[in-house]
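This briefing is for a reader meeting the structure for the first time. It begins with model confidence and then takes up the chains and their contacts.

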Amino acid sequence: MSAPLRRVQVAAVVLGAVVLAAIIGPWLWHVDPNAVGPLATAAGLPPSAAHPLGTDENARDVLARLLAGARISLAFGLLAASVAAVVGAAVGILAALSRPWVDRAYMSVVDLGLAIPRLLVLIIVTAGFGRLPWGWLAVTMGVTGWFGLARLVRARTRELASGDFSVAAFALGAPTWRVAARHLLPNVTGTITAAAVLAFANAITLEAALSFIGQGVAIPTASWGSLINEGRAQLGVTPWLTVLPAIAIAITVVAAGALADGVERGAPWRSTGGAA
Amino acid sequence: MTDTTALLEVRDLAVYFRGAAGVARAVDGVSFFVDKGETVALVGESGSGKSVTALSLLRLIDPPGRIEPGSVIRFEGTDLLALDEERMRQLRGRRIAMVFQEPMTALNPVFTVGDQVAEVARIHEGASRADAWKRAVQMLARTGIADAERRARDYPHQLSGGMRQRVLLAMALLLSPALVIADEPTTALDDTIQAQILDLLRTLQQETGSAVLLITHDFGVVAEMAQRVLVMYGGQVVEAAPVRTLFAAPAHPYTAGLLRAMPRIGSRRTRLDAIPGTVPPATAWPSGCRFRDRCAHEWEKCASEAPVPIEVAPGHVARCHLVSDPARRAAANLAGAPT
Amino acid sequence: MSDASTALVRARDLTRHFAVGGGLFRKPSNPIRAVDGVSLDIARGETLALVGESGSGKTTTGRMLLHLERPTSGTVTFDGTDLASLDAKSMRALRRRMQLVFQDPFGSLNPRMTIGDTVKEGLLIHHLAEGAAADARTRALLDEVGLRPEWADRYPHEFSGGQRQRVGIARALSVGPDFIVLDEPVSALDVSVQAQVINLLMELQRQRSLTYLFIAHDLSVVEHMADRVAVMYLGRIVELATRDAIFAEPLHPYTQALRSAVPVADPNVRARRIVLAGEPPSPANPPSGCPFHPRCHHPAKDESCARLVPPLEEKAPGRLVACFKQPPSSVSWEAQQAAGGTRAPTLHLPVLATDARPA
């Protein structure tokens, strides 16, 4: 009983630490991530007191770039996940409460969205528009990433809407909007949050994948994906340039997955009592 | 009662669950016996500990639950709590079988029911595939399934609830176990189907000579099936008696209260005599007598001193201070049937 | 049937079909006839019990009476108003007068709402009270159903099954209904708590002059609560009579079997049991003729039972029974013979009384 709870707590702490590092890190480690040092003497240095994580081939401080990248990557994931959650939840709830033919129409769109490879769409979009500012790239990622979430939300909403307490509300004479707002939405937020946390992790990995093929966040802005991309040419010489951002991504994604799992089950939050 | 004659003897059984909310003493000092071939009903409401008692007989308690040291479960002369897991596994299904309340979840949806019955013979007796299948079909026919040869090839979802319960009985009784533990076997069924299944259980029991520990909350089922009755409340057996004694002269206020709370056909009243309050959680039993805050006959002694089982008459035991206080007992005027 | 002028709820030929199947490789099969031509009247202030086994269509019937499910065909009239004639807004307004209590004490309350908010919701929807007045009414309602008013701020998970069931009853009472459908309200409760809730429901009925449709499968509870009883089998009413008549002398062979199947809580009594052959058939594939004929024990059962659908007809004043083998019947013996009948109708009254077991 307490083992899953422990896992969720660890995940929350880890994710919290990553977020905290992104927020206050650049403020504590006061080094310009884009400042180019003397190339002859300071490029590709291994970790040292002056540069705890070394420097890259442009003699920029890796720690500073990693922290700056964290800001961009996390903000990127958050924006993409928010867009996906809002669009997906709206479509899912609307579909669940609509007449059967409207529901089928919504779900056909969802099926279509799920059928098209997302990475391909993103590559085409970025290729077509050139390098997008990272914010717009994140929105694009959200717009192409809500389909699965909508399906989950619809299924859960339908289940709740035919459940006894919703029927009781209809029997009291509650209009549909009231049932949706008071009875369905509060009980479907767990599902939405869990799916959104996964979408967040997904967006970070997808951004890394896009960066890897040179279509991600535009340089010189540092994101974890672009750091990997910059470092890979020197993989044999300065492996930490690639490995460190990769580890950061891995930690964030795994922690987010564990957290989503916990949120979905709801147990740790529910057992703490009424305030949920 | 002596250790040597009883088929099953349980002494001071305690099963605790340790969790965030504290220690739940789900079963707390339960002692009883079951003789060869007899039917004993274990009656109680939800939270009384009757299902946990049943599962602990098969040692099927999962963490955080634990059978506490000092508990004794003796079956056919063997101390079950001292057996290694392999010996225990050999016993389950062969000497002690279990029938569950919800036949849909007790059956595996991806195998045919014939395969599942045959599996019992294959596991425990190493029967060949063909032989086990033949025995499975015969057993299914004995449980009253028409066209058993064909039905054996069906999957659980193709059968009705009553049919699935017949399949479970076939699995349980295939190897003529000495003891069948039936946990609310008819609760999920409609009345007309319940009647069929109870008849079937009685018939099969006569054929195999098995003893049955029947767990139920329904006194109608008790009256019909059992020779002896154990009433559980708060993780303890509060009363044990032969069935007619229990209905005619219950000695524990809880038993008497349950018997009066039931509506019965043919004896209408304007009000039912309900027992006030609800069962407290197993983490917070009251001090002294666990029933006292719902009892109409409570006095100081009930809070200060936990009652122990006292013999009311031979074979009739109750865990209540009234038993040793004849004056109060007479005043309490416990009666089974409503007047 | 009761006098039309006193009937609060009146149903005529209610039918509800569900479409099933129809996958990629399968044709849609026959619709499930969950309810198949149910007519009944519920008089003001009475308790009509609707009895039947799982799948008999009792829950669907109850929900159609409240128009929570739309009938496939047939009409429901509430206090003289045909529910089908109402627009959505008027229907919602009428819901004040008809309420529902559920079987499952866990699923019927929103886990994210305090029990006070749950009970208050109806007051707010119908603008019966606002603000502090609504809170006061909520506390009074909790008190009326035997809960402490100060528990209003607690969430459902803090309560036992019986207490949650009281919350559900308070929610139904909040809007001041005339009619409540009680859908197995005590089936999920333990014996000791069940008695408390039954007493509460009967008291509320007396004090508030409520009309109940009491859906149940436990006949001993039905005998305790009901004024009249309707027995359903496979989507149809097969017998409808006063409580005393149905318990003293059930006429339909199915009612007789159901009555005899109730275990008697007395070890000195052995019930004479009518053991039915086989299992209830599926409503997707109901038998022809009388739906009960494959399991029937009536001595005059014959070929005609598989061919003719027995009408629900009056056998004695106020006693409706759907069996043409129990005389008198509007289906004449000649008509039965024409349908292959070989055994003349004869009154079948199996002894359901019980014997003392030899000591």
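In chain A, residues 267-276 have a pLDDT under 50 throughout, and the model gives this stretch eight contacts beyond four places in sequence. Where pLDDT is low, the predicted coordinates should not be read in detail. The whole model is predicted, and the points below are grouped by topic.

**Confidence in chains A and B**

- Chain A has an average pLDDT of 81, with 91% of the residues scoring at least 70.
- For chain B the mean pLDDT is 88, and 98% of its residues reach 70 or more.
- Within chain B, the element with the lowest mean pLDDT is helix α3 (residues 103-106), at 76.
- The highest mean among the elements of chain B belongs to strand β10 (residues 228-233), at 96.

**A residue of chain A**

- Ile23(A) is part of helix α1, which covers residues 2-28 of chain A.
- Ile23(A) counts as partly exposed because it has 13 C-beta neighbours inside 10 Å.
- Ala70(A) is 47 residues away from Ile23(A) along the chain, and 8.6 Å separate the C-alpha atoms of the two.

**Chain C as a whole**

- Chain C contains eleven helices and 14 strands.
- The C-alpha trace of chain C spans about 75 × 60 × 50 Å along its principal axes.
- A compact globule of 359 residues would have a radius of gyration near 21 Å, so the 22 Å of chain C agrees with that expectation.
- Of the 359 residues in chain C, 50% are buried.
- Taking contacts in chain C between residues at least 6 apart in sequence, 65% join residues at least 24 apart.

**The two domains of chain C**

- The domain assignment divides chain C into domain 1 (7-237) and domain 2 (251-356).
- The centres of domain 1 and domain 2 of chain C, taken over C-alpha atoms, are 30 Å apart.
- Domain 1 of chain C puts 16 residues into the contact, and domain 2 of chain C also puts in 16 residues.
- On the side of domain 1 of chain C that touches domain 2 of chain C, at least two residues each come from β2 (32-43), α7, β9 (228-233) and β10 (236-242) of chain C.
- The largest share of that side of domain 1 is the three residues from β2(C).
- By class, the same side of domain 1 has eight nonpolar, five polar and three charged residues.

**A sheet in chain C**

- Four strands of chain C form an open sheet in the order β2-β1-β4-β5, with antiparallel pairing.
- β2 and β5 (81-82) of chain C are the edge strands, each pairing on one side only.
- Strands of a sheet pair through backbone hydrogen bonds, either parallel or antiparallel.
- Strand β1 (residues 7-18) of chain C runs antiparallel to β2(C), and nine bridges join the pair.
- Opposite Arg10(C) stands Asp41(C) in β2(C).
- Opposite Leu14(C) stands Val38(C), also in β2(C).
- β2(C) is mostly covered, with ten of its twelve residues buried.

**Where chain C meets chain B**

- The contact between these chains involves 33 residues of chain C and 36 residues of chain B.
- On the side of chain C that touches chain B, α6 (191-208), α7 (219-225) and α9 (253-261) of chain C each supply at least two residues.
- α6(C) gives the most to this side, with seven residues.
- This side of chain C is made up of 17 nonpolar, ten polar and six charged residues.
- α7 of chain C thus appears in two places: on the side that touches chain B, and on the side of domain 1 that touches domain 2 of chain C.

**Where chain A meets chain C**

- Chain A has 17 residues in contact with 23 residues of chain C.
- α8 (164-171) and α9 (176-212) of chain A are the elements that give two or more residues to the side of chain A that touches chain C.
- α8(A) gives the most to that side, with seven residues.
- The classes on that side of chain A are eleven nonpolar, five polar and one charged residues.

Conventions. Residues numbered from 1 in each chain as written. Chains lettered and ligands numbered in written order. Predicted model: local features only at pLDDT ≥ 70, side-chain atom pairs only at ≥ 80, totals over all residues. Contact = placed C-beta atoms within 7 Å. Nonpolar A, V, L, I, M, F, W, Y, C, P; charged D, E, K, R; others polar. Buried ≥ 20, exposed ≤ 12 C-beta atoms within 10 Å, placed from the backbone. Domains from an automatic or database assignment. pLDDT = per-residue confidence, 0-100. Rg over C-alpha atoms; globule rule 2.2 N^0.38 Å. Pairing = 2+ DSSP bridges.
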